[in-house]
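Below are some comments on the charged pairs in this model and on one histidine, set out as numbered points. Please read them with the structure open beside the text.

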Amino acid sequence: MTLVHPGGHEHHLAYKVMTNQPRRYLVKPSQGVIAPNRSQTLTILISERYKRELIKAFERIGSAAFQNCPDKFMVQSCVVSEKFAYAFHYHDNNDSTDDNDNNQEQSAEEKPIISKVEISSLFKKVFGPKQEENHAGVPVKTKKLPVYHTMVDEPPPPDAELEQKMKEMSKEELMQEMRSLKTKYDELVDYTVSLTSERDALRRKLEHYSKRK
């Protein structure tokens, strides 16, 4: 996922990415500051345990396993001051070596000493209820993103042993195998319809409770 500064002004933007399933996904970096006319590419990793669960579900019922995924990401962004942006970027590059003479001549007083705890505290002030570090009182913008899963790996090559077995099957045996597959397909369709019905019922209940509030 790539976050792009929209332009239109010369202010830095702070961002924070959250998910309703933090045990399933790891976002790197999950928070940061984007300068004008710049962008930030994020890496989203799926936990191995959840990946195995998805693959097993896909092998069992196919692409239906990926439908109506409840997982979501939320991206918050806000304009921040140059002081905030400088403090963050200095901390971000604090471990790198810089041989630039100008940087070496810069006094310690001019460089902020920012710890990870302090950086975390700054972001809490930006995106917390009080939004203390927001530039000129600009509100936090929020974007919710649904999750869509798909299989991108190529299917495995045909099983030579299975192909040979099918060639050796009689016409009656092939017909019986096809009837068995059709029965499994019908069961899958019934299961999908049942899940869809349950989903619609839950949505109606949610709308009913929302109206009562």
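1. A residue is called exposed when its relative accessible area is over 50%, buried when that area is under 20%, and partly exposed in between. By that cut-off Arg49, with a relative accessible area of 63%, counts as exposed. Please keep in mind throughout that this is a predicted model.

2. The structure holds three salt bridges, and I take them in turn, beginning with the pair formed by the side chains of Arg24 and Asp71, where the N to O distance is 2.9 Å. Arg24 sits in the loop between strand 2 (12-19) and strand 3 (25-28), while Asp71 belongs to the loop between helix 1 (48-61) and strand 7 (72-80), so this salt bridge ties together parts of the chain that are 47 residues apart in sequence.

3. The two partners of that pair fall into separate accessibility classes: Asp71 is buried, at a relative accessible area of 0%, whereas Arg24, at 24% relative accessibility, is partly exposed.

4. Within helix 1, the side chains of Glu48 and Lys51 form a salt bridge with an N to O distance of 3.3 Å. Because these residues are three apart in the helix, about one helical turn separates Glu48 from Lys51. Each is partly exposed, Glu48 with a relative accessibility of 46% and Lys51 with one of 35%.

5. Glu53 and Arg49 also meet through their side chains in a salt bridge, here at 3.9 Å from N to O, which is within the 4 Å cut-off that defines such a pair. Their spacing in helix 1 is four residues, and they too are separated by about one helical turn. Glu53 is partly exposed, with a relative accessible area of 42%, while its partner Arg49 is exposed, at 63%.

6. Turning to the histidine, is His5 buried or exposed? With a relative accessible area of 6%, His5 is buried, and its place in the chain is the loop between strand 1 (2-4) and strand 2.

7. Which residues does His5 touch, leaving aside those up to four places away in sequence? They are His11, Leu13, Ile34, Ala35, Pro36, Asn37 and Arg38. For one of these, His11, a polar atom of the His5 side chain lies 2.8 Å from the backbone oxygen of His11, so the two atoms are within the 3.5 Å limit for a polar contact.

Notes: Residues numbered from 1 in each chain as written. Predicted model: local features only at pLDDT ≥ 70, side-chain atom pairs only at ≥ 80, totals over all residues. Heavy atoms only, no water. Helix = DSSP H or I, 4+ residues; strand = E, 2+ residues; numbered from the N terminus. Buried < 20%, exposed > 50% of the residue type's maximum accessible area, 1.4 Å probe, protein only. Polar contact = N/O pair within 3.5 Å; in protein donor to acceptor, adjacent residues only side chain to side chain. Contact = heavy atoms within 4.5 Å.
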